[in-house]
Amino acid sequence: MKNKIVILIFNVLLICQGVVLAGEPADGNVPVSKEVIKTIEKLNSAVGKLKQLTAQIEYTHAQPLFETQTVRTGKVFYVKDANFTALRINFLTIKQDTSEKQNYREDYIFDGRKITKIDYQGKSATTEQIAKDKPIEPFELVQEYFPIIGLAKPDEMTGQFNITVSKNTMRLIPKENSKFFKIYKQIDIVINSANFLPFDFTAQTSDDEKITIKLTQIETSKAVEKSVFDVVIPADFAQTQK
């Protein structure tokens with residue numbers, strides 16, 4: 001699990017109305033209903049129309065085996081136009097178990113061609129080149145680090161997961177051939193019925209740890225300055241290129 005922060009920050013989309021309430025078939029694959037596809041497409045459409053987004057983020061990582069829980073808080077920024085698309089997650093505070101909240105800064109920037117992680121505590125930065133020609137939607141890249149799953153195309157979603165929905169919650173169970181199978185046991189995504197955007201992600205990992213991501217104070221009408229996505233790495237930080 002990458003950095004234990006295999007988090008759940010957007011590819012999330014509603015899916016599945018009226019799918020399986022009785023058990024799964026023998027091969028472990030839940031039949032895909034037309035309603036599920038319709039819901040995924042609706043969620044896909046809502047995310048596709050986003051031009052900008054800002055939100056507060058709370059990321060909780062619970063490890064029952066060690067009886068510990070870490071809560072990080074910060075901000076999320078997203079912008080998309082014809083020439084530029086990017087997503088940035090800025091963690092600003094941390095709280096471990098019963099200790100007091102402390103300042104804690106860690107940045108993740110997904111610009112469609114590369115992923116940059118800056119650890120201000122460890123004074124290090126890692127940049128991974130993902131695409132050289134055609135950029136990749138940041139919501140697709142973020143799911144490699146966070147359980148922000150569900151914002152992918154319908155065929156990709158149904159190919160990776162068995163999907164069910166109850167009211168406004170979508171449950172994803174990774175299929176055995178899925179790239180998420182060894183990472184998560186299941187992911188629950190809560191969708192806002194007003195705008196069809198996901199705002200709450202809860203994942204149970206293969207190690208029986210629990211990761212929860214909550215987005216609040218979501219704003220989609222206010223312009224986001226592109227300078228928010230400028231990567232400035234302090235000169236004394238150790239830098240790694242992949």
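**Note on the predicted model: sheet, salt bridges and a pocket**

1. The structure contains an open sheet of twelve strands, arranged in the order S7-S8-S9-S10-S11-S1-S2-S3-S4-S5-S6-S12, and the pairing is mixed. Strand S7 (161–166) and strand S12 (238–241) stand at the edges; each has a single partner strand, so one side of each is left without a neighbour in the sheet. On average, neighbouring strands of this sheet are turned by 15° against each other, direction ignored. The reader should bear in mind that this is a predicted model.

2. Strand S1 may be considered next, together with its two neighbours in the strand order. Strand S1 (residues 52–63) and strand S2 (residues 68–80) run antiparallel and are joined by twelve bridges. Within this pair, Tyr-59 stands opposite Arg-72 in S2. The hairpin of S1 and S2 has four residues between the strands, and Glu-67 takes a positive phi near 55° there. S1 also runs antiparallel to S11, to which eight bridges join it. Gln-56 has Thr-216 in S11 as its bridge partner.

3. Which strand is joined to S4 by five bridges? The partner is S5, and the two run antiparallel. In this pairing, Ile-109 stands opposite Thr-116 in S5. A salt bridge also connects the side chains of Glu-106 and Lys-117, at 3.6 Å from N to O. Glu-106 lies in strand S4 (residues 102–110) and Lys-117 in strand S5 (residues 114–119), so the pair ties together parts that are eleven residues apart in sequence. Are these two residues, Glu-106 and Lys-117, buried or exposed? Both Glu-106 and Lys-117 are buried.

4. A search of the whole structure finds eight salt bridges, and the pair just described is one of several that can be examined by name. Another is formed by Arg-105 and Asp-107, whose closest N and O atoms are 3.5 Å apart. Arg-105 is partly exposed, with a relative accessible area of 37%. Asp-107, by contrast, has a relative accessible area of 0% and is buried. A network of salt bridges links Arg-88, Arg-105 and Asp-107.

5. A further salt bridge joins the side chains of Asp-111 and Lys-114, at 2.6 Å from N to O. Lys-114 has a relative accessibility of 29%, which counts as partly exposed. Asp-111 appears again in the next point, as one of the residues that line a pocket.

6. What is the volume of the second largest pocket? The value is about 180 Å³. Its lining includes Asp-81, Ala-82, Asn-83, Phe-84 and Thr-85, together with Asp-111, Gly-112 and Arg-113. Pro-135, Ile-136, Glu-137 and Pro-138 also line this pocket. By class, the lining has five nonpolar, three polar and four charged residues.

7. The last point concerns Lys-222, which lies in the loop between strand S11 (210–219) and S12. Lys-222 counts as exposed, at 60% relative accessibility. How far apart in space are Lys-222 and Lys-51? From C-alpha to C-alpha the two are 9.6 Å apart, while in sequence they are 171 residues apart.

Note on methods:
Residues numbered from 1 in each chain as written. Predicted model: local features only at pLDDT ≥ 70, side-chain atom pairs only at ≥ 80, totals over all residues. Heavy atoms only, no water. Salt bridge = Lys/Arg side-chain N within 4 Å of Asp/Glu carboxyl O. Buried < 20%, exposed > 50% of the residue type's maximum accessible area, 1.4 Å probe, protein only. Pairing = 2+ DSSP bridges. Axes fitted to C-alpha atoms, helices over the stretch in contact; angles between N-to-C directions. 1 Å grid on protein atoms, 1.4 Å probe; cavity = no way out; pocket = protein on both sides within 12 Å on 5 of 7 lines; lining within 4 Å. Points joined across faces, edges and corners; volume = space filled by probe spheres on them. Nonpolar A, V, L, I, M, F, W, Y, C, P; charged D, E, K, R; others polar.
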